[in-house]
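Q: Please give me a close look at one part of this protein, and then follow the chain of neighbours outward from there. I work at the bench, so plain terms with their cut-offs would help.

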Amino acid sequence: MVARDIWVGEAPIDPAALHEAFLAAHGHAGAVVSFTGAVRGHARDGAVDHLWLDWYPGMTEASVTAIAQDAEGRFAPTALTIHHRAGKIAAGEAIVFVAAASPHRRAAFEAADYVMDRLKSEAAFWKRESGEDFTRWVEPTAQDRDDLNRWSRR
């Protein structure tokens, strides 16, 4: 049984506190890997002030839970945490925290990497970047699709 913690919401997340709590609860597993993603302060159109991350409560959590379940089936982590912000998020603020624990490092690394690739391209979020002179929708890039497709070859 995997210890799973999934949260999606508009409140700020504290990656350091989440990491500390994850280590306290699951550090005995053998390997712990975490990733924190932050809103970039730049885009092709110029400096980014904030990102709007639209979501539908219920639907978005279900899509994130499905991604977690897939990662659990593929990599058998002993614990998996996914905390994802939504709403208006300023440049530099944390948008996502993912942590995976496993008896072996490779499984922990791959579980976290797989989750991030799926979140970036498939989770039920809709992104808009805004700066002083622009607002634009953000779609997955060719690199995002390549990152996702590498999992189908395994």
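A: Ala79 lies in strand 6, and strands here are DSSP runs of E with at least two residues, while helices are runs of H or I with at least four, both numbered from the N terminus. This is a predicted model, in which local features need pLDDT of at least 70 and side-chain atom pairs count only at pLDDT 80 or more, though totals for chains, interfaces and linings use all residues. Residues are numbered from 1 along each chain as its sequence is written, and side-chain values use heavy atoms, with hydrogens and water left out.

With a relative accessible area of 0%, Ala79 is buried; that word means under 20%, exposed means over 50%, and partly exposed covers what lies in between, using a 1.4 Å probe and protein chains only. Although Met1 is 78 residues away along the chain, its C-alpha atom is separated from that of Ala79 by 8.7 Å. Beyond its neighbours within four places in sequence, Ala79 is in contact with Val2, Ala3, Phe22, His26, Ala99, Ala100 and Ala101, where contact means heavy atoms within 4.5 Å.

Two of those partners lead us to helix 1, whose buried residues are Leu18, Phe22 and His26. Looking down the axis of helix 1, these buried residues fall within an arc of 35°, so they line one face of the helix; the arc is taken from the directions of the C-beta atoms as seen from the axis. On the other side of helix 1 you will find Ala16, Glu20 and Ala24 exposed. The cover over the buried residues of helix 1 includes strand 1 (3-9), strand 2 (31-38), strand 6 (79-85) and strand 8 (94-102).

Helix 1 runs over residues 15-26, twelve residues that should span 16 Å at 1.5 Å a residue, and its end C-alpha atoms are indeed 16 Å apart. (The expected span is 1.5 Å times one less than the number of residues.) At the start of this helix, the backbone nitrogen of Ala16 has a side-chain oxygen of Asp14 within 3.2 Å. Pro15, also in helix 1, is in contact with Thr36, Ala94 and Phe97 once neighbours within four places are set aside. The C-alpha atoms of Pro15 and Gly37 are 22 residues apart along the chain and separated by 9.4 Å.

Strand 6 also leads us to helix 3, since what covers the buried residues of helix 3 includes strand 2, helix 2 (59-75), strand 6, strand 8 and helix 4. Helix 3 has 18 residues and reaches 25 Å between its first and last C-alpha atoms, close to the 26 Å expected. Its buried residues are Ala107, Ala108, Ala111, Ala112, Tyr114, Val115, Met116, Asp117, Arg118 and Leu119.

Let us take two of these in turn. Val115 counts as buried at 0% relative accessibility, and away from its neighbours within four places it is in contact with Ile67, Ala71, Leu80, Ile82 and Val98. Asp117 is buried too, at 9% relative accessibility. The side chain of Asp117 makes a polar contact with the side chain of Trp151 at 2.7 Å, a term for a pair of N or O atoms within 3.5 Å in which, within protein, one must be able to donate a hydrogen and the other to accept it, with residues adjacent in sequence counted only if both atoms are side-chain atoms. Leaving aside neighbours within four places, Asp117 is in contact with Asp147, Leu148, Arg150 and Trp151.

Helix 3 brings us to the largest pocket as well, as it gives the most to the lining, with eight residues. A pocket is an open set of points on a 1 Å grid over the protein atoms alone, where a 1.4 Å probe fits and protein lies on both sides within 12 Å along at least five of seven lines; lining residues have an atom within 4 Å of a point. The largest pocket holds about 520 Å³ of space. Of its 25 lining residues, the closest to the centre are Arg40, Ile95, Met116, Lys120 and Lys127. The elements that give two or more residues to this lining are strand 2, strand 8, helix 3 (105-122), strand 9 (125-130) and helix 4 (142-149).

Definitions and conventions: Grid points are joined across faces, edges and corners, and a volume is the space filled by probe spheres set on the points.
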